[in-house]
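Visitor: Please take a close look at one single part and then carry on from there to its surroundings. I would like one connected account, with the distances and cut-offs that the reasoning needs.

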Amino acid sequence: MLEIEIDGKQLQVPDGSTVMEAANQVGAYVPHFCYHKKLSIAANCRMCLVQVEKAPKPLPACATPVTNGMKVWTHSEQAVKAQKGVMEFLLINHPLDCPICDQGGECQLQDLSVGYGAGQSRYQEEKRVVANKDLGPLVSTDMTRCINCTRCVRFTSEIAGLMELGQAFRGEHAEIMTFVEKTVDTELSGNIIDLCPVGALTSKPFRFDARAWEMSRRKSVSPHDSLGSNLIVQVKHDTVKRVLPLENEAINECWLSDKDRFSYEALTAGERLAKPMVKQGGQWLETDWSTALEYVVNGLRSIQADHGKDSVGALVSPHSTLEEMYLVQSLMRGIGSDNVDFRLRQVDFSNDGKMAGAPWLGMPIAETGTLDRLLVVGSFFRKDHPLLAQRVRQGIKKGLKLSAINSAFDDWQMPVANTLCVAPSGMAAALLAVLKALVEVTGKDAGPAFTDALQGVSASSEARAIAESLASGRRAAVWLGNAAVQHGAAATLHAISQEIAQLAGARFGVIGEAANSVGGYIAGAIPFGSEGHGKNAVQMLTQGLKGYVLFNLEAELDTAFGNQAAEMIGKAEMVALCTPFKSAKALEYADVLLPIAPFTETAGVFVNTEGRAQSFHPVVKALGDSRPGWKVLRVIGEMLGVQGFDFDKVEEVRKRVLDADGLVADVRLDNTVRIDSVAVEKGKGGIERVSDVSIYAADALVRRAPALQATKDAEQPKARMSAATLGRLGIQSGSSVRVGGVVVLDALEDKGVADNCVRIAGGHALTASLGALFGEISVERV
Amino acid sequence: MTDQGIILSGLDGDRTWRLADYVKRGGYDALKKIIAEKIPADQIIGEVKKSALRGRGGAGFPTGLKWSFMPRAFPGAKYLACNSDEGEPGTFKDRDILRYNPHTVIEGMIIAGYAMGCERGYNYIHGEIFEVYDRFEEALQEAREAGLLGRNILGSDFCFDLFAHHGYGAYICGEETALLESIEGKKGQPRFKPPFPASFGLYGKPTTINNTETFASIPFIIREGGDAFLALGKPNNGGTKLFSVSGHVNKPGNYEIPLGTPFSTLLEMAGGMRGGRKLKAVIPGGSSAPVLTGAAMMDCTMDYDSISKAGSMLGSGAVIVMDESTCMVKALERLSYFYFEESCGQCTPCREGTGWLYRVVHRIESGLGRPDDLDLLNSVTANIMGRTICALGDAASMPVQSFIKHFGDEFAFHIEHKKCLVPKEVQYEGSKIYVA
Amino acid sequence: MPSAPNETLLTVEIKMLSPESLKRIDRELDKYPPDQKQSATMSALRIAQEEKGWLASETIEFVAEYLGLPAIAVYEVASFYNMYDLAPVGAKKITVCTNLPCALSGGVHAADYIKKKLGIDFNETTADGCFTLKEGECMGACGDAPVLLVNNHRMCSWMTEAKIDQLLADLQK
Ligand SMILES: Cc1cc2nc3c(=O)[nH]c(=O)nc-3n(C[C@H](O)[C@H](O)[C@H](O)COP(=O)(O)O)c2cc1C
Ligand code: SF4
Ligand code: FES
C-alpha cells in the first residue's frame, strides 16, 4: 500500500495505482476525456493535468503512478491553469454548436467547458473540418467534433477484440476512421457511442429523436441472452427512445451488446399486436379481451373433455419472465396436463429426471475473470454471448488459456489456444478423447459409467492439448454452449463434459441460451418434476397436441423444427398464442392472438446464467390493448377455475417461485446429472447440418429491430462449407445450392466449418423449412 | 572533418566503411579486448561513466548512468536501440558516421549489448537517407560473416545480433519511445513515461536507446580508457563531439572537435561567414534549441554547460548559422511549420497548439499580424510547454519564445509595417530564398 | 485440419505482390522475433510501394493480410509516414527539402527553380505523368543543401540550377 495526499486528504492505495484512481477514491473529480477505467491508458487528451509536489510541471493524473508520500492538488492554481490551457486547445477546432448537436446535454466537453473554458475564443483561424464516415447502421458520425481521445479505437481493439477503428494520418490531420469505408461490425459497436465524450459518435437509430434532458431514465434488464445486462431505458411520451447500459460490474460492467441496446426499435415495429384477435371461419377479427379469453378457455375445456386432459400443452419462450413461465406451467398443471416446456430448441431430453437442479453457469459471472483455463463446448461463443465472451477476452490477457470444441468456428477475436473442430456426430467422440487424455494426464480414473465408452478411444493430439491445458490450471471451468444443448445427443455431451470437469478439477457450467434459461427450470416450466411426466417440447412439436397455449414465441423460428413445428401446431383444434407481435406465419397456425406486453411494458424477473434473479418494472404503458402476460394468464387461470390464481400483484407470483428475499436458492442451481452409462453413436457419413442461431435472429424482438437487421451479422444465412467439402460436392463457393431438398442458399467457403458439414443458420425465415438444427442434410448443386 | 576526432578522423583510406578498413584503423580491438580479457560488464559501464560521455542525441544524458539503469537480473529478452533517425533540422552528423564509419557504431552497440546483457539490437535509420540504410545493411552482413555478430561472438559464449530498421518520413520517430513504437511496426507516437524504456521498452522489454554518435564513441572509450576520452573534452563534458554546421557559412559540414572549443574556432573551421556578412543569430543545438544572438554565441564554448549558461542547449550539435540577411520572422515561420507538420497528433496541446503557433507566425510573416500576437504566441507556447507527452511540444515552443525574446523588434516591425525589416534583396543575396 | 477460429476466413490473393517482393518481405520478417510480425509493416509497405509505385488500398490490405494484421493498423502506418504515397505519383517523385538550414543555402530557391522548369507546384504531377514534386522536411543532410530525393531513396546534393537541369534531363531519359 502507498500513502498519498490528495487535496489535503490522506489515503492509502494499492501499489500500482494511478493518481486518477486515488483521486476517484477520495471523490476528487479530475477532469478527463481519454481516460476510461476499462481501457488502456493513452494520456493523450491532457485534460487531467494535476499539480504534484516536487514535479516541475503538471502531470496527467490518469497515467502518473502513485509514489509513496506523494502530494497532489487537483484544483490548485497550477492544475487549473493547465486544465484551462488544455480546454482552450480542445475547443479551438471544435464546433461550438451544442444546440444542434445530438450529444447536447450529455457532452463531457460541453460540461467541462463551462468550468474550464474561456468565454471568448482567442483562436481566430478557420476551424478544421473532418469528413464523416459511414460506420454502418448503428453508429452515426460527426467527425469534426472528434477530439482524438482514441477511446473508440482502444475499445475496438481491446474490448471488442478487433481493431476496426484507427487514428490515421498525423498531427492536426489525424482522423479516426475505419479502413477505407469499412463499417464497424463488432456486436459491441454501440459502446463506442457511450465512450465518445463528445458528439462525434452518436446512435444512428436515435439520432435527433429527443434531447437528453427530455427523457426519463428507467431501469430494466435485457431480455436477450443469458447474461441479463442491466439497462437504462430512456423514455419520452411513453415511447422508448433509447437504451443505455446501467453499470453493473458483476454483470455487464459498463457495456451493452448491440442487441441489448438497439432491439428497442422492435417495440414500435409495425407488427406489434395491439388488440386481441380471433380467427372465425378462416377470417381474422379484432375483438375484445373477454371474447378472446372466453374463446381460449372454452377451447381448452372442450378439447380436454373430448381428448383427455393431456391433449393440451403449453410452450413458453425462455425470453419470458419468471412469473409468466411459472403461471404458464401452473395453468397447465392446474388443468391436469404436465405438457409444458420452455426448452424450445432442445431436442435431446434424456437427462430429464436425472438432473440435480437447474443448469447454470456454475459460477458467478464476475469470477470468470479469475479463471485460468476454460473449455467451451458447442458454442458460437462470441455471437451467442457477446459480453461473456468479452470477459473471457479480458481474462485471456491476464493469462487465461481458452480451448474450444465445436463443429464450426468463426473468429472469436481472442486467442483460442486449442481448438477441436468436428462434425456434430463426432462431438461426443471428441469429448471422450479429451476425457481419455485427461485420464492419462491426471492418472485419475473416469467414473464407471464411462468404462465401456472409453474402450478403444485414443486421444488425438488436439484432445491431449486440451486435456493438458485444463489439467494444468488452478481455476478451470468447462462450459456448455447453446449448440451443445441443442445437439441431438445433448445428454451425452453433458455427461462427458461433466466428467471432464470432474477429472480436471474444473467447475462445470451451462451458459444458457436466453434471458430466462435458468428461470425456466426454477419456474418449473418443464414437463417433469415431482408431479409427473408430461410431454417435452419435441414431443409436443412432433407428435401433435389437440390444443396449444403458445407463450411469447414464434414456432417457426424459435423452436428446433421450424416450419415443421408450425405445421404440426397448425393441425391442432385450437392454438392460443400470447404474443406482442403478429406475424404472417402465426396467422396461419394460431386461432387466437392475445396481445401481451414485451419486457418494457411489464414487470417480472429474469434469472440470468449465474442464477441471479433480476426484477424489473414496466418503463412505458402497454401498447394499445396489450396487457402484461402475467395478468392475462391470471384471468385465464381464474376462468378455468385453477387454484391459486387469485393474486393481485406480480410480486405475489414471484414469491411462490423465489426465496423470501427474492433470490434463487443456491441448492436449486446444479448442473450435475446422474450418469448411468454413456453410449456414443457414430454418424452415418452424410453431410451434416451445423446451426448457429444468428445473433439478430435469436428472438422476436431482435428480428424486428430494423437497424440490427441492417448489420452484417443479419445477413441472409448461407451454406457454409470447408473447401474440401465444397470440392467433394463439386460446388463452387458463391454458387447456389439446394439444401434439404427445399431451400436454395448461396454456398460459401468457410475454413471454420468441420469437414463434411454445412453450417446453416437457424432462427431465420429463409431456413425455417429445413427442420432440425443438427443432423444429416442433403446439399446439391442447382 | 578534422584529425582531432575519434569518429570521423583518419577516414582517408579507400572505402572507409568496409570492415577491412575499419580493422586497419584498430577497429574491433575494443571488442576483442573485452572478449579476450573477459572484462566484466560492470567494469565496462564504469569506464563509460568515467568518460563523462553524454548522450549525443540531444538531451545530453550521461550514458554510463543510463546503462546502469538496465535491470541486469531481468530474465528474458532485453533490447538495444540505436537512434539514427536524425531529422532535427540542422543535424546531419549521424548520416556521415554511418556512411563513412558504420562499423564503429556496430562495435559500440555490440559492446553495449555485452555490458547490458542484451541479445538483440536495432539501428533505426532515418528513411530519407535510404542509401545509408543499404550501406549499413552491408556492414552488418560483413560483421556477421566475420563472426562479430550472431551466436558465440569471436568464439565466446556471448551472443548478440543487430538489425537495421528504417524510418519512412516522420521526425517524431527520433523521440526514443516513438522510435520503439515504430520498430514495433506502428505509428511513431511517443509513449507516456513512466514506465521508462529501461523497464518497459521494445516489445515491453527492458531497452536502452542511444544516439549513433554515442555508440560510435564507445570503442574509443573501451580501447583507450574512459579517462582518455574525458581528457579530450573538459570535465563533465567528456570527449570530442561532432558539430553539424549549416547555414550562412562558407564550408557547411561536420566538424569533430573537443568539447569546450570556442564557437569562434568552429566558425573559422567552417570557413567563416558566407559573403563576409555579419553574424546575426545561431541556433546552437538543432532547430529545437533556443536561438542565440550572434554576439552571445561568440562568447560561448561548444559544450553542454557553456551553451546552457547562455540560455540554449547543445542538443544534437547542429549549429545553424544565420547572417544579417536573414529575416527572423521568416526563419521562425519555417521552423514552426516544421513542428506543425511533424506533430504526431496524439496529445492535445501539441496537435492543436503547433498549428496555432504556425498560423499566427505565418500571419505575421504575411503582413496580417495583430498587435497582441506576440503575447498570444507567448501564451500559447506556455500552454504547450511541459504539458505534452513528449518533448516535441517544448521543441516547438522554444524557438518561438527565443525568437521573440531576442528578435522581438523584428517581429514588431513586421506587425506594424506588414513587411520584413530586412529588405527582400538582402534576403535573396544571403539565402536566395525569395525571388522577388 | 479444421482451422482455428482466429485464422482469417478470407482467402488471400497471393498474386498481389511479386514473388521477389514477398521474398524481400520475408527477409525483413526474419529480423524480428517470430511473434512480432507487425514490426515488418514499414518495410513491407516500402517494398510494396517500390513494386507498385504507390500504396493503393488493396495493396495495403494485402500487406495487412500477409502480416496477419487488421488493415486499419497498416493504414495507420501508411498514412503516418510521409514517404508512403497513398495516391498515384509520377514516375519520378522529387522531394526537395525546404527546411530552415536548407533554405539558408538555397533550398527554397531550388524548389522554386524546379517548379518553374516543370510547370508544377508542390504535390502536383506533370501532365505526362513523369514528375511529381513534393516539399520535404529535414532529410538529415543540411550540410549538402540544397538537397532533394528522387523516388524516396536517391539523394542528390548541392543542387545548383545547373545540376537540377542535368538531373531532370537524366531522369527524363
Ligand atoms: C521530438 C524529438 C526528436 C528527437 N530526435 C532525435 C534524433 O533524431 N536522434 C537522436 O539521437 N535523438 C533524438 N531525440 C532524443 C531521443 O529521444 C533520445 O533522448 C536519444 O536518442 C537518447 O540517446 P542519447 O542518450 O545517446 O542521446 C529526439 C527527441 C525528441 C523529443
Ligand atoms: S508532444 Fe506532439 S509529438 Fe509528442 S506525443 Fe504529443 S502530439 Fe505527439
Ligand atoms: S485523461 Fe489523462 S491525458 Fe487524457
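**A buried cysteine and its setting**

Guide: B:Cys118 is buried in this predicted model, with a relative accessible area of 1%. Its sulfur takes part in no bond to another cysteine, because the closest cysteine sulfur, that of B:Cys82, is 13 Å away, which is too far, whereas a disulfide is counted when the two sulfur atoms lie within 2.5 Å. The total is zero disulfides over all chains. A:Cys98 is likewise in no disulfide, its nearest cysteine sulfur, in A:Cys107, being 6.2 Å away. In contrast to the buried B:Cys118, A:Cys98 is partly exposed, with a relative accessible area of 27%.

Staying with chain B, one may turn from sulfur atoms to aromatic rings. Over all chains there are 34 aromatic pairs. In one of them, B:Tyr22 and B:Tyr28 have ring centres 5.2 Å apart and planes at 90°, and the pair is therefore edge-to-face, since planes over 60 degrees apart are classed in that way. Both B:Tyr22 and B:Tyr28 are buried. Ring pairs also join residues of chains B and C, for a cluster is formed by B:Phe130, B:Tyr133, B:Tyr168, C:Phe80, C:Tyr81 and C:Tyr84.

Chain C, on the other side of that cluster, is divided into domain 1, covering 5-80, and domain 2, covering 92-171, and the centres of these domains, taken over C-alpha atoms, are separated by 30 Å. C:Phe80, a member of the ring cluster, is thus the residue at which the bounds of domain 1 end. Elsewhere in chain C, C:Lys115 lies over the face of C:Phe122, at 4.0 Å from the ring centre. A comparable arrangement of charge and ring occurs in chain A, where the charged end of A:Arg242 sits over the ring of A:Phe206, 4.3 Å from its centre.

Chain A also meets chain B, the chain that holds B:Cys118, with 33 residues of chain B in contact with 33 residues of chain A. The area buried between these chains is about 2,800 Å², and carbon and sulfur atoms give 50% of it. Five salt bridges are counted between chain B and chain A. A:Arg170 forms a salt bridge with B:Glu342, where the closest N and O atoms are 2.8 Å apart.

Conventions. Residues are numbered from 1 along each chain as its sequence is written. Chains are lettered from A and ligands numbered from 1 in the order in which they are written. This is a predicted model: local features need pLDDT of at least 70, side-chain atom pairs count only at pLDDT 80 or more; totals for chains, interfaces and linings use all residues. Side-chain values use heavy atoms; hydrogens and water are left out. Rings of Phe, Tyr and Trp (its six-membered ring) pair if their centres lie within 6.5 Å; planes under 30 degrees apart count as stacked, over 60 as edge-to-face and the rest as tilted. Buried means under 20% relative accessible area, exposed over 50%, partly exposed in between (1.4 Å probe, protein chains only). A charge sits over a ring if NZ of Lys or CZ of Arg is within 6 Å of the ring centre and within 35 degrees of the ring normal. Contact means heavy atoms within 4.5 Å. Buried area is the accessible area (1.4 Å probe) that two parts lose on being put together, summed over both. A salt bridge is a side-chain nitrogen of Lys or Arg within 4 Å of a carboxyl oxygen of Asp or Glu.
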